[in-house]
Amino acid sequence: MTGQPGAISSRRVYNGRVISLDVDTVRFPNGTVGELEMIRHPGASAVVPFLDDPTAADPRIVLIRQYRYAAGDFVFEIPAGRLDKDEAPDACAHRELREETGYSAERMVRMTTFYTTPGFTDESIHLFAASGLTAGSSSLEPDEILDLQVVSLSEAISMVAKGEIKDGKTMIGLLFAAALIRPGMISG
């Protein structure tokens with residue numbers, strides 16, 4: 001009997017503001033045992049904000065162009081952020097949209113949830129499409145250096161294809177939104 005797959009033990013190595021690092025001893029489905037370094041993350045929500053009716057011919061969306069130290073440059077992204085303790089993903093999506101862009105959404109529709117990098121982290125991102133936007137004031141954190149960019153959905157898809165958008169959650173969000181809302185937009 002090899003036992004059920006899963007964690008045998010876990011040792012916390014680092015506890016930070018954004019992530020924690022554990023070294024887990026794990027039994028794998030084939031019965032072998034090994035150690036894995038696991039980054040623990042509370043999860044996040046990300047939003048594709050539509051300024052126009054999403055079913056319009058080529059609706060406009062709001063992107064942010066944010067400085068990212070890890071990338072060493074400004075990166076085009078959709079609004080996103082970490083879930084607070086016990087916060088529902090849709091509440092996080094509303095909060096992050098408002099904080100980063102100043103917009104409030106009348107409608108927030110869940111598109112999907114995905115794992116960012118399941119080889120070493122448990123982080124998942126909940127993707128939403130927001131519409132019925134009302135402008136307001138943003139509330140940026142000190143490390144959020146960004147400006148808003150309004151583009152059409154087709155322009156954003158073109159930016160993905162040309163490599164101008166390199167952020168994974170943004171690529172997934174835009175392509176997912178286009179596939180759901182404008183299926184003909186993504187073609188050969």
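Here is a short tour of one strand sheet and one helix pair.

Before you click, know that this is a predicted model, where local features need pLDDT of at least 70, side-chain atom pairs count only at pLDDT 80 or more, and totals for chains, interfaces and linings use all residues. Numbering starts from 1 along each chain as its sequence is written, and side-chain values use heavy atoms, with hydrogens and water left out.

**Stop one: the sheet**

Select β1 (6–15) and β3 (33–40): these strands (DSSP runs of E, at least two residues, numbered from the N terminus) stand at the edges, each with a single partner strand, so one side of each has no neighbour in the sheet. Now add β2, and you have an open sheet of 3 strands in the order β1-β2-β3, with antiparallel pairing. Strands pair if DSSP finds at least two bridges between them; β2 (residues 20–27) and β3 are joined by 8. To find one of these, click R27, whose bridge partner in β3 is V33.

**Stop two: the helix pair**

Next, select helix α2 (residues 153–161) and helix α3 (residues 168–181); helices are DSSP runs of H or I, at least four residues. They pack at an angle of about 130°, with axes 10 Å apart. Axes are lines fitted to C-alpha atoms, for helices over the stretch in contact, and angles run from 0 to 180 degrees between N-to-C directions.

Which residues of α2 and α3 make the contact? Show L153, A156, I157 and V160 on α2, then M171, L174, L175 and A178 on α3. Contact here means heavy atoms within 4.5 Å.
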